[in-house]
Structure formats: structure tokens, C-alpha cells
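Trainee: May I ask for a close look at a single part of this structure, namely the helix packing and what accompanies it? I should be grateful for one connected account.

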Amino acid sequence: MKVFREALIIFGFLTACLVFAEASKERYDNFKVLKIKTKNARQRQVIEELAENMKGFNLWHSDDKEVHIMVNPQKLIYLQNVTRSYQLPFQVMVSNVQSLIDAEQRAQSTDDLSFGWTRYYLLADIEAFLDDILAKYPEVTSHIDIGTSYEGRKIHGIKISYKQGNPGIFIESNIHAREWITSATATWFINQLLTSTDTDVRDLAENYDWYIVPVLNVDGFVYTHTTDRMWRKTRQPVEGSRCIGADPNRNSDSHWMESNGASSNPCSETFAGIQPFSEPEIKAVTDYVASIKERINIYLAFHSYSQVLLSPYGHTTEHADNHDDLMAVAKAYSDAVKALPYGTEYTYGTSATSMYFTTGSTRDWVYNEQGIRISYTIEFRDTGRYGFILPPIQILPHCEDTLAGILALVKKAKELKYLEVKYAL
Ligand SMILES: [Zn+2]
């Protein structure tokens, strides 16, 4: 009886902890995401400025045709008035953000204890997965210590190398905290490189050195699990501001803060930080990449969402000198993905022309400052039905898309002679 009573007390305590954890989470009941059509830069700016300057709005996506903006139910009428006065047609893309988050959470509570790709994982689970892989494949894998985050977490990476003298490919993932599909894809891809028996994948695994960082923005990622699913930035406070964090993908020292490619407002989702490399995570990863730049031929930054490959530049609409090759390589990715039974369509173009001006992205920093000639941001699924909250059931199909895309991308880059070894053997 005593045991039963103790069990009850423990059960009660655990339930209380769970309720408390849930209660401390940011909720998005009846928050909607509107897809607003814009005809010119001025109209687009009007919507973007709402997200930047007013509470209750959060920018999900923006390109030259439409803006996706999440709105607090209390601000919905205000937003509708804005769209009416500028005559901007809109549709409701997500009618209740919280219901998407709840559905995602239900998928988390499976009793399957093995690491798989039918749900999203906590940072600790992803780290345990990496440890497992490192222990299982000690001959061909090694741990990369990227550095330490603002909150003191270690940023882990993995190098996969089957032989000496390979050209290298670097994958950065989850620099934006809420883009969970990116780290799910990175871990699946690591597993494929080590376990697949497909000849094309074996070729990919064994003839290139892979440097993969599944979760770069570790603090932000943890925060999306504990507190706010929609968090994007780092977690470093900004002196003199109530707002926390910078956009880590605007923080690198390459045309930093030029051409409205980032914001100087600490409350903005695209706040560039108080100076280049102010975010410890970005300082760490860029220092690491700089130290091995001769070994890297291709840099891929995993993001979501929009289904698009973005090449340099972000700071100007001018074309990079190998623009035609960058487009040919991106087209190969897009064609290969489209050919799969899912028929997922990826577009491609330069960052500044296809999406918006961005400065200080790692993609442009490696291209401009480190001489890595093939560099893309890849915005994963979808195009707005679920946005950042891509249902777990789509993880595996999406991973297959990505593998087909990367196979074709590497093949084309090789054909165009971008995979010659750059370091002394
Ligand atoms: Zn992103």
C-alpha cells in the first residue's frame, strides 16, 4: 500500500511538472497565417514593417509575389484594414497555428524509443544519435567540436571521411531555431551516408568528405522545444533592449548591414546583431569553416520553408561571376527532386532576386570571403500549407527529396569541375 501511495505521489509530481512545462509554453491559439499578394516593393514593405514594428505580427515568408504573416487574433481586424486600404488580396494559409503545434506534439508522444524519422527530436536526442553513430563507425567518422553557444551549450558536428584526398562538402543546419525539418533531414542524411547500400549513395559517401552540423543554433533550438515553437533567432540578450537574440544568418562579416539586407532593430526577426560575429554560434562556425576552407568545395545551408535554392548574392541583384554554373547546379537539384513520385517543385535563383536582400548570411560569407564557389541556401518543404510546422509524416518523403537533390547537385558540380581537390595531398 505504501509503495502504491509513493507511486501515486511520484505520478502526481510528474503530471504537475508536465502541466507546468506546458503552461510555460507560448501558445498560438487562433493565430492565423495570412498569405498576402503584393504587386510591388512598397506593398511588400508595408506588411514587413508591421512584423518589424508592431507586437502581434510575425513574418513567415516574403518574396516578390507574396508575404506570409502570422497574426495574433486581436490584431486580425487591424491587418485586414491594412490589406483593404492597400487593396491587397489575401487568403488564410493557416487558420489556427496552435492546432498545427498540437498535432506535431501528439506525434512526439510515441512510445518507440529508437531514433527514427517519424517525429522531431530534442537536442539531447540528436546529440545521443550522433554519439551512437560516432561509436558505431569509428573508422570513418570523427566528432567536430564547433564551439560553445551563448548559453554554454556545445555545438557538435560530424565529419565522415572514407579515405584521404577527397573534396569536401559542408552542411549547416538549423541556424534558424524553428526550422525543425532541417536537423531531421541532416541526421537522416548522415545515417544514409553510413548505412545505404545504393551505389550512388556509396559513391557520394566514400568519395567526398562530409562536414555536417545538424543543429547550429543550439540555444534557439532548445527554446523552440521548451518555450516558443516559433522562435527563430539566437538567445543572447541585446544590451538596452527588451528583445532577445539576433538573426544568426545575418550576422556574418560579409556586406554586413548593407542594402537593407538585415535590421538594426533588436526586436526584428532579421536583427543583424550589434556587430558582425556578435553571436558566439556564428563566430564559432565561421572560425571553423575558415580553418578548413581549402577542404570545402560545396557549402549547403539547410532552411525552411519555400522549396527554393538560393545562390549568392544576397546584398545585390548583380550576378556572381559563376552565376550560370550556380544556376545549372541548382537546376540539377530541382529536376531530380521533381522526377521523384512526390513531384516536389523547387525553384532557384539568386537570393536577392528570388526572395529578398540578405546580408551577412553564412552562404554569402563562405562564397565572398572564403572562396567556396558552390554555396546555396536550400529552403525545404513546403510552400506554405504548414510552413515551419511541417507534419512529421512528411519527414521521410522530404528526406528522399533531399537525397535525390544532393546526388544530382554533386554530380553536376563535379561535371563543371567544382570538385577538384584544392588542398595539397
Ligand atoms: Zn531559415
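Mentor: The account below takes up helix α13 and its two partners, then turns to the zinc ion and to one further residue.

Please keep in mind that this is a predicted model. Two packed helices are described by the angle between their axes and the distance between the axes. Helix α13 covers residues 395-415, and helix α6 covers residues 180-195. Their axes come within 10 Å and cross at roughly 65°. The crossing in which α6 passes α13 is right-handed. On the side of α6, the contact is formed by I181, A184, T185, W188, F189 and Q192. On the side of α13, the residues are I395, L396, H398, C399, E400, T402, L403 and I406. Sorted by class, the contact of α6 with α13 has nine nonpolar, four polar and one charged residues.

The second partner is helix α10, residues 323-338. The axes of α10 and α13 come within 7 Å and cross at roughly 145°. Here, too, the crossing is right-handed, with α10 passing α13. From α10, the residues A328, V329, A332, Y333, A336 and V337 take part. They meet D401, T402, A404, G405, I406, A408, L409, K412 and A413 in α13. By class, this contact of α10 with α13 has 11 nonpolar, two polar and two charged residues. Two residues of α13 deserve a second reading: T402 and I406 appear in the contact with α6, and T402 and I406 also appear in the contact with α10.

Let us now turn to the metal. The zinc ion has protein donors from H176 (ND1), E179 (OE), E179 (OE) and H303 (ND1), at 2.1 to 2.3 Å from the ion. E179 is thus listed twice among the donors. Along the sequence, the donor residues follow the spacing H-x2-E-x123-H. Both H176 and E179 are buried. Ideal angles at a metal are 109.5 degrees for four tetrahedral donors. The four donor atoms around the zinc ion, however, subtend angles of 57 to 151°, and the arrangement is therefore irregular.

Finally, consider A107, which lies in helix α4, residues 97-108. A107 counts as partly exposed because its relative accessibility is 26%, and the partly exposed range runs from 20% to 50%. Leaving aside residues up to four places away in sequence, A107 touches R119 and P392. A107 and I393 are 286 residues apart in sequence, yet their C-alpha atoms are 8.9 Å apart in space.

Terms used. Residues numbered from 1 in each chain as written. Predicted model: local features only at pLDDT ≥ 70, side-chain atom pairs only at ≥ 80, totals over all residues. Heavy atoms only, no water. Donors = N, O, S within 2.8 Å, 3.2 Å for Na, K, Ca; no water. Tetrahedral: all angles 85-135°; square planar, octahedral: opposite > 155°, others 65-115°. Buried < 20%, exposed > 50% of the residue type's maximum accessible area, 1.4 Å probe, protein only. Axes fitted to C-alpha atoms, helices over the stretch in contact; angles between N-to-C directions. Helix = DSSP H or I, 4+ residues; strand = E, 2+ residues; numbered from the N terminus. Left-handed = near helix turned anticlockwise from the far one by under 90°. Contact = heavy atoms within 4.5 Å. Nonpolar A, V, L, I, M, F, W, Y, C, P; charged D, E, K, R; others polar.
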